[in-house]
Amino acid sequence: MEKLEFFGNDTQVNLQKRYYRLWPFLKSHPRLSFVGRGIGIDDPYLDEVEALVGLTMELGILSMAFTQATILEELRAVLEENGLKVGLWHHLVLTGNMETSCRSVVESMHLPAEYQINRISASTSPHQIQKVQQLMQNCGVAPLPGYILRGRYIPTVAVMIIGSQDEVVATGAGIFRHNPDSPYGKAAHIGFLATEPSLRGKGFGRLLLARIILACYEEHAAELVHTGVRTDNIPSHRVCRICGLEDSGMYMLGASYPQIINVTEFTR
Ligand SMILES: CC(C)(COP(=O)(O)OP(=O)(O)OC[C@H]1O[C@@H](n2cnc3c(N)ncnc32)[C@H](O)[C@@H]1OP(=O)(O)O)[C@@H](O)C(=O)NCCC(=O)NCCS
């Protein structure tokens, strides 16, 4: 298990282990998706809500991407009636031409000389991976296991900005989490952004997000990039909008089962 580089508190690590064990049996389901720290379902619908409740109870948490606004309140009410906690994220997608948004972010942003931006890969040191995960944890972003960050399991673009002392000051990722044969097979869930609090507002977040999006398109032929942002997360909304992402009118809903994971916010 060590080489899989799980990370977090006991609950987070236990869930990461559980999902790693379960995913080989679930991955052929066309609507299920995976990011190592969690399992998701695409396009939830009301008629299956009992099954969604049951699945959430088995898994502990379940994210529901591409949730239609028309079913949101009813879906949420039934999940809550069944004792689940529900979190809500606005669903954002890249619209328009990424050249005019992401490319201009990359070209206009000059990283100060003491910092460099690196891709996370198979050769990134385990120590550096832990620093990335610790930064996520410190910033309220549920950490991704190392094998996901390294792209060993599913196609992933993960990046970090490091300082002169080799410290990781910002990170983010794009993950092709959906079933490759599904309509979202070429869709990347982007974000997982975290910037060291004392260095926020310097453009690190937008630079990483723009680089991630460009790499998703250029290296993995992405057809869609999307993310979920909480209503009150103003900095994240700003960064996403600067990179060309806009509200899709849908939601990303997260359900959790308090007997397995009893936190109000699983992730930012
Ligand atoms: C979101 C986050 C990664 C942004 O990182 P960053 O390096 O500060 O990003 P940038 O410097 O590129 O941009 C930050 C933007 O938010 C704005 N901002 C920051 N705090 C703000 C606030 N309280 N109100 C309004 N805008 C705010 C900044 O002004 C800037 O926008 P602007 O250039 O239009 O002024 C960082 O805030 C963070 O780590 N947050 C905690 C983890 C998180 O929420 N991750 C995202 C999960 S979806």
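Select helix H8 (234-242) first: in this predicted model, H8 contributes 5 residues to the shell around the ligand, the most of any element. Next, add strand S8 (187-195) and helix H7 (204-220); like H8, each of these supplies at least two residues of that shell.

Now display the complete shell, which comprises 23 residues. Thr195, Arg200, Gly205, Arg206 and Pro235 are the closest to the ligand. Colouring the shell by class will show 10 nonpolar, 8 polar and 5 charged residues.

From the ligand, turn to the interior. The largest nonpolar core contains 74 residues, and Leu208, Leu209, Ile212, Ile213 and Cys243 have the most contacts inside it. Keep H7 selected at this stage, as the helix gives 9 residues to this core, the most of any element. In soluble globular proteins, nonpolar side chains tend to be buried together.

Centre the view on Ile213. Which residues does Ile213 touch, not counting those up to four places away in sequence? The partners are Leu94, Met98, Cys102, Gly174, Ile190, Val225 and Cys243. Of these, Cys243 is also listed among the core residues with the most contacts.

Finally, zoom out to the whole chain, where 8 helices and 10 strands can be traced. The C-alpha trace spans about 55 × 40 × 35 Å along its principal axes. A compact globule of 268 residues would have a radius of gyration near 18 Å, and the chain agrees, with 18 Å. Buried residues account for 44% of the chain. Among contacts with a separation of 6 or more, 72% join residues 24 or more positions apart.

Terms used: Residues numbered from 1 in each chain as written. Predicted model: local features only at pLDDT ≥ 70, side-chain atom pairs only at ≥ 80, totals over all residues. Near = placed C-beta within 6 Å. Helix = DSSP H or I, 4+ residues; strand = E, 2+ residues; numbered from the N terminus. Nonpolar A, V, L, I, M, F, W, Y, C, P; charged D, E, K, R; others polar. Core = buried A, V, L, I, M, F, W, Y, C linked by C-beta atoms within 7 Å. Buried ≥ 20, exposed ≤ 12 C-beta atoms within 10 Å, placed from the backbone. Contact = placed C-beta atoms within 7 Å. Rg over C-alpha atoms; globule rule 2.2 N^0.38 Å.
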